[in-house]
Amino acid sequence: MDVTDKILKFIHFETRCAAIYRHLSVLFSDAKELFGTISKEEDGHAAILERALSCFKAGDLSLEFFAFLSPQIDEALDLVSKIESRLTAKDLTLPEALELMLEMEKSVAEKYLIGYLIDMSFVKGGLAISHEFAKMVCEGGCHVTQIKEFMRNGATEERGR
Ligand SMILES: [Fe+2]
């Protein structure tokens, strides 16, 4: 797979995650803040990937930088498709939606970026972008924690609108 096509798939992945969370923030007023906040972070991840792609196209970031992108992106996109179709089910409850998001975050999330936790400063243009990629990895881990916390601290039985 061409590296540009691969990065575009990752951008697509993040954009769809953001859209899912945005959809849930409208569906469930009781978790509007949680879903809204995560949705904005996922949009931010897509933006970071867009920037990395622009740098790569401009020749300011070397191909090596992308060696860590997981080859499992197609599986991740398949899971997102499955989750999207489950979200359209009628009578989805907030606990069910939270379980689905946990599944999404745990199985795919930012694990595909894990290689970027190592120092990428040896790669041309890698220093600045690797910090942003590391931020993405951390935020992905945070989403799991935030969702679990929300479930523990009284997620209501609200049904989607
Ligand atoms: Fe993300």
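Which residues in α1 are buried? The legends below start from the whole chain and then turn to that helix and the core.

**View 1. The whole chain, a predicted model, is built from five helices and zero strands.** Read from the N terminus, the order is simply α-α-α-α-α. The C-alpha atoms fit in a box of roughly 50 × 30 × 20 Å along the principal axes. The radius of gyration is 16 Å, which agrees with the value near 15 Å for a compact globule of 161 residues. Buried residues account for 27% of the 161 residues. Among contacts between residues at least 6 apart in sequence, 78% link residues at least 24 apart.

**View 2. Here's helix α1, covering residues 3-27.** Its 25 residues span 36 Å from the first C-alpha to the last, close to the 36 Å expected at 1.5 Å a residue. As for the opening question, the buried residues in α1 are Ile 7, Phe 10, Phe 13, Glu 14, Cys 17, Ile 20, Tyr 21 and Leu 24.

**View 3. Now for the largest nonpolar core, a set of 30 residues.** Leu 24 and Phe 35 touch the most other members. Two or more residues apiece come from α1, α2 (32-57), α3 (73-87), α4 (94-107) and α5 (126-152). The largest share, seven residues, belongs to α1. In soluble globular proteins, nonpolar side chains tend to be buried together.

**View 4. Zooming in on Leu 24, one of the buried residues of α1.** Leaving aside residues up to four places away in sequence, Leu 24 touches Ala 31, Phe 35 and Ala 97. Phe 35 is the residue named alongside Leu 24 as touching the most other core members.

Conventions
Residues are numbered from 1 along each chain as its sequence is written. This is a predicted model: local features need pLDDT of at least 70, side-chain atom pairs count only at pLDDT 80 or more; totals for chains, interfaces and linings use all residues. Helices (H or I, at least four residues) and strands (E, at least two) are DSSP runs, numbered from the N terminus. The expected span of a helix is 1.5 Å times one less than its number of residues. A residue is buried if 20 or more other C-beta atoms lie within 10 Å of its own, exposed if 12 or fewer, and partly exposed in between; C-beta atoms are placed from the backbone. A nonpolar core is a set of buried Ala, Val, Leu, Ile, Met, Phe, Trp, Tyr and Cys residues joined through C-beta atoms within 7 Å. Two residues are in contact if their C-beta atoms, placed from the backbone, lie within 7 Å. The radius of gyration is taken over C-alpha atoms; the globule rule is 2.2 Å times the number of residues to the power 0.38.
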